[in-house]
Amino acid sequence: LSPAVQAGVRAGNINFSDGGSYDLSTVSEQRQQEVLAEFEKRKKARSIVVPTDDTQIKTRLREFGEPICLFGEGPADRRERLRVIIAELGGEALKREKEEKYDEEEVR
């Protein structure tokens with residue numbers, strides 16, 4: 001090793017492993033899968049239709065057991081939070097919503 005590298009090792013600025021190695025391709029693939037999953041979740045959230053009326057948004061948040069308003073949250077923020085909640089719950093929430101609307105129409 002060169003004297004500069006030896007000085008860096010002595011100073012603690014350069015560390016050599018004990019012969020272990022990391023498989024960066026596996027770590028990279030896992031990270032890539034996580035990023036793709038997050039991207040797909042955001043794409044799905046953007047495609048979900050949520051009401052624009054603030055009272056309807058609050059009602060839907062109540063149905064999901066969420067607070068109707070967080071500190072400093074405006075109507076647009078509330079609408080986006082509802083969109084994310086519906087995206088996280090997935091198709092189950094949408095199916096339940098359609099069933100409830102159908103049941104309400106039958107009652108009338």
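## Helix α4

Helix α4 covers residues 75-89, and its end C-alpha atoms lie 21 Å apart. At 1.5 Å a residue, its 15 residues should span 21 Å, so the separation in the model agrees with the expected value. The model is a predicted one.

Seven names make up the buried part of the helix: Arg 78, Arg 81, Leu 82, Arg 83, Ile 85, Ile 86 and Ala 87. After α4 comes Gly 90, with a positive phi near 80 degrees.

## Overall fold

The protein has five helices and zero strands. In sequence order the pattern reads α-α-α-α-α.

Of the 108 residues in the protein, 19% are buried. The accessible surface amounts to about 8,800 Å², and carbon and sulfur atoms account for 53% of that area. When contacts between residues at least 6 apart in sequence are considered, 44% of them join residues at least 24 apart.

## Nonpolar core

In soluble globular proteins, nonpolar side chains tend to be buried together. Here the largest nonpolar core consists of 10 residues, namely Ala 45, Ile 48, Val 50, Ile 57, Leu 61, Phe 64, Leu 82, Ile 85, Ile 86 and Ala 87. Helices α3 (54-63) and α4 each contribute at least two residues to this core. The most comes from α4, which supplies four residues.

Ile 85 belongs to both the core and the buried set of α4. Apart from neighbours within four places in sequence, Ile 85 is in contact with Leu 61, Phe 64 and Glu 66. Of these partners, Leu 61 and Phe 64 are also listed in the core.

## Lys 43 and Ala 87

Lys 43 is part of helix α2. Its relative accessibility is 46%, and the partly exposed class runs from 20% to 50%, so Lys 43 counts as partly exposed.

Ala 87 is one of the buried residues of α4 and a member of the largest nonpolar core. Lys 43 and Ala 87 are 44 residues apart along the chain, while their C-alpha atoms are separated by 9.4 Å.

## Surface patch

A nonpolar patch on the surface is formed by Leu 1, Val 9, Ile 14 and Phe 16. Together these residues have about 400 Å² of accessible area.

Phe 16 sits in the loop between α1 (3-11) and α2 (24-47). Its relative accessible area is 57%, and exposed means over 50%, so Phe 16 is classed as exposed. By contrast, Phe 64 appears among the residues of the largest nonpolar core.

Note on methods:
Residues are numbered from 1 along each chain as its sequence is written. This is a predicted model: local features need pLDDT of at least 70, side-chain atom pairs count only at pLDDT 80 or more; totals for chains, interfaces and linings use all residues. Side-chain values use heavy atoms; hydrogens and water are left out. Patches are made of residues with over 30% relative accessible area and no salt bridge: like charges are joined within 9 Å, nonpolar side chains (Val, Leu, Ile, Met, Phe, Trp, Tyr) within 5 Å. Accessible areas come from the Shrake-Rupley method with a 1.4 Å probe; for residues, only the protein chains shown count as cover. A salt bridge is a side-chain nitrogen of Lys or Arg within 4 Å of a carboxyl oxygen of Asp or Glu. Buried means under 20% relative accessible area, exposed over 50%, partly exposed in between (1.4 Å probe, protein chains only). The expected span of a helix is 1.5 Å times one less than its number of residues. Contact means heavy atoms within 4.5 Å. A nonpolar core is a set of buried Ala, Val, Leu, Ile, Met, Phe, Trp, Tyr and Cys residues joined through side-chain atoms within 4.5 Å.
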